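Q: Could you take me on a close look at the largest pocket of this protein? I would like to know what lines the pocket, and what else is found in the structure around it.

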Amino acid sequence: MSLAAQKPSVQRIIISNKHGEKLVGTLHESGTPTDIVILCHGFRCSKDTNLILNLAVALENAQISSFRFDFSGNGESEGSFQYGNYWTEVDDLHVVVEHFRESNRVIRAIVGHSKGGDVVLLYASKYHDIRTVVNISGRYDLKVGIEERLGKDYLERIRKEGFIDVKKRSGSFDYRVTEESLMDRLGTSMHEACLQIDKECRVLTVHGSLDEIIPVQDAHEFGKIIPNHKLHIIEEADHSYNNHQDELSFAVTSFIKEIVDLSKDFLLMVSIPDLMKLHLVSYLLVE
């Protein structure tokens with residue numbers, strides 16, 4: 001059966017992180033049996049958000065497999081939700097990467113939205129083993145945006161009480177922010193981390209011009225310090241790309257597909273001389 005005629009398969013996979021917590025994910029098999037892209041969700045979201053699902057489908061249509069999963073404490077995965085937890089989520093991502101490497105898969109790219117965008121950049125700054133990273137609407141300065149969620153004088157209140165309970169618009173309990181998790185976020189510098197990303201690592205930052213949660217200026221700040229960086233602004237798009245899903249999927253998929261196609265061309269260039277050598281040896285043996 002031809003590759004074009006093959007139907008993508010979807011498989012539920014569970015991977016244990018270094019704390020023994022089960023990370024639940026969905027594998028979309030499509031295209032080559034080795035290449036795979038890992039998709040990372042944002043704050044208080046999951047692998048099943050529309051944005052992540054649409055990216056998985058777009059990659060399927062481009063004959064590229066993907067794996068979307070829930071970080072610990074989110075979605076179906078085990079563990080307790082934490083407000084900061086950036087480096088813990090980096091560790092979760094590393095466990096996922098290693099799982100597929102041990103299965104002889106080639107991680108062509110890691111993609112993250114919002115907080116997930118920060119996580120994939122932090123991963124690249126620490127591990128230096130993936131050459132393509134896509135940051136969708138990540139935040140550049142993690143000290144910004146906290147007051148909008150926790151209210152004024154949040155530092156004084158959390159130091160006094162040890163935690164702040166965040167409520168939904170309805171007034172019901174949503175999640176708890178501990179002092180430790182808040183300090184985790186405040187102590188994470190995207191600027192310093194991005195300076196550690198290798199020049200060989202290609203980074204795409206996509207951001208909506210009308211992002212109401214993380215201003216588009218953050219995307220430009222990333223562009224100033226990441227050495228091998230491409231910036232793509234989607235005009236009039238909000239943080240969730242509600243009316244711009246197709247534009248987002250096209251931008252991300254095109255960037256990744258270019259890498260996949262280049263790797264295939266490289267393998268072809270290597271294989272042709274090898275084939276010529278084999279033919280020459282065969283000819284000499286016959287003579």
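A: What follows is a walk through the largest pocket, and then through some other parts of the structure.

Please keep in mind that this is a predicted model. As a setting for the pocket, the protein has nine helices and ten strands. Of its 287 residues, 48% count as buried. Among the contacts with a separation of 6 or more, 70% are between residues 24 or more positions apart.

Now to the pocket itself. The largest pocket holds about 650 Å³ of space. Its lining is made up of 26 residues, and those closest to the centre are Phe43, Ser114, Arg149, Ile213 and His239. Three elements give two or more residues to this lining: α1 (50-61), α3 (115-127) and α4 (146-150). The largest share comes from α1, with three residues. Sorted by class, the lining has ten polar, nine nonpolar and seven charged residues.

His239 is a good residue to pause on, being one of those closest to the centre of the largest pocket. You will find His239 in the loop between β10 (229-234) and α9 (245-286). Its relative accessible area is 5%, and because buried means under 20%, His239 counts as buried. If we leave aside the neighbours within four places in sequence, His239 is in contact with His113, Ser114, Ser137, Asp211, Glu212, Ile213 and Ile214. Two of these partners, Ser114 and Ile213, are also listed with His239 as closest to the pocket centre.

Arg149 leads us on to the next space. This residue is among those closest to the centre of the largest pocket, and Arg149 also lines the second largest pocket. There, the volume is about 220 Å³. Along with Arg149, the lining consists of Arg44, Val166, Lys167, Lys168, Arg169, Asp174 and Tyr175. Strands β7 (163-167) and β8 (173-178) are the elements that give two or more residues to the lining of this second pocket. By class, six of its lining residues are charged and two are nonpolar, with no polar ones.

Phe43 offers another link, this time to a cavity. A search of the whole structure finds one cavity of 30 Å³ or more, and its volume is about 40 Å³. Phe43 lines this cavity together with His41, Gly42, Arg44, Asn74, Phe81, Glu89 and Lys115. Arg44 is thus a name you have met before, as it also lines the second largest pocket. The cavity lining has three polar, three charged and two nonpolar residues.

For a look at helix packing, turn to α5 (residues 154-161) and α6 (residues 179-186), which pack at an angle of about 140° with their axes 10 Å apart. On the α5 side the contact is made by Tyr154, Leu155, Ile158 and Arg159, and on the α6 side by Glu179, Leu182, Met183 and Leu186. Six of the residues in this contact are nonpolar and two are charged, while none is polar.

Finally, a word on cysteines. A disulfide is a covalent bond between the sulfur atoms of two cysteines. In this model the count of disulfides is zero. Cys194 is buried, with a relative accessible area of 1%, whereas Cys45 is partly exposed at 30%.

Notes. Residues are numbered from 1 along each chain as its sequence is written. This is a predicted model: local features need pLDDT of at least 70, side-chain atom pairs count only at pLDDT 80 or more; totals for chains, interfaces and linings use all residues. Side-chain values use heavy atoms; hydrogens and water are left out. On a 1 Å grid over the protein atoms alone, a cavity is a set of points where a 1.4 Å probe fits but cannot get out, and a pocket is an open set with protein on both sides within 12 Å along at least five of seven lines; lining residues have an atom within 4 Å of a point. Grid points are joined across faces, edges and corners, and a volume is the space filled by probe spheres set on the points. Helices (H or I, at least four residues) and strands (E, at least two) are DSSP runs, numbered from the N terminus. Ala, Val, Leu, Ile, Met, Phe, Trp, Tyr, Cys and Pro count as nonpolar, Asp, Glu, Lys and Arg as charged, and the others, Gly among them, as polar. A disulfide is a pair of cysteine sulfur atoms within 2.5 Å. Buried means under 20% relative accessible area, exposed over 50%, partly exposed in between (1.4 Å probe, protein chains only). Axes are lines fitted to C-alpha atoms, for helices over the stretch in contact, and angles run from 0 to 180 degrees between N-to-C directions. Contact means heavy atoms within 4.5 Å.
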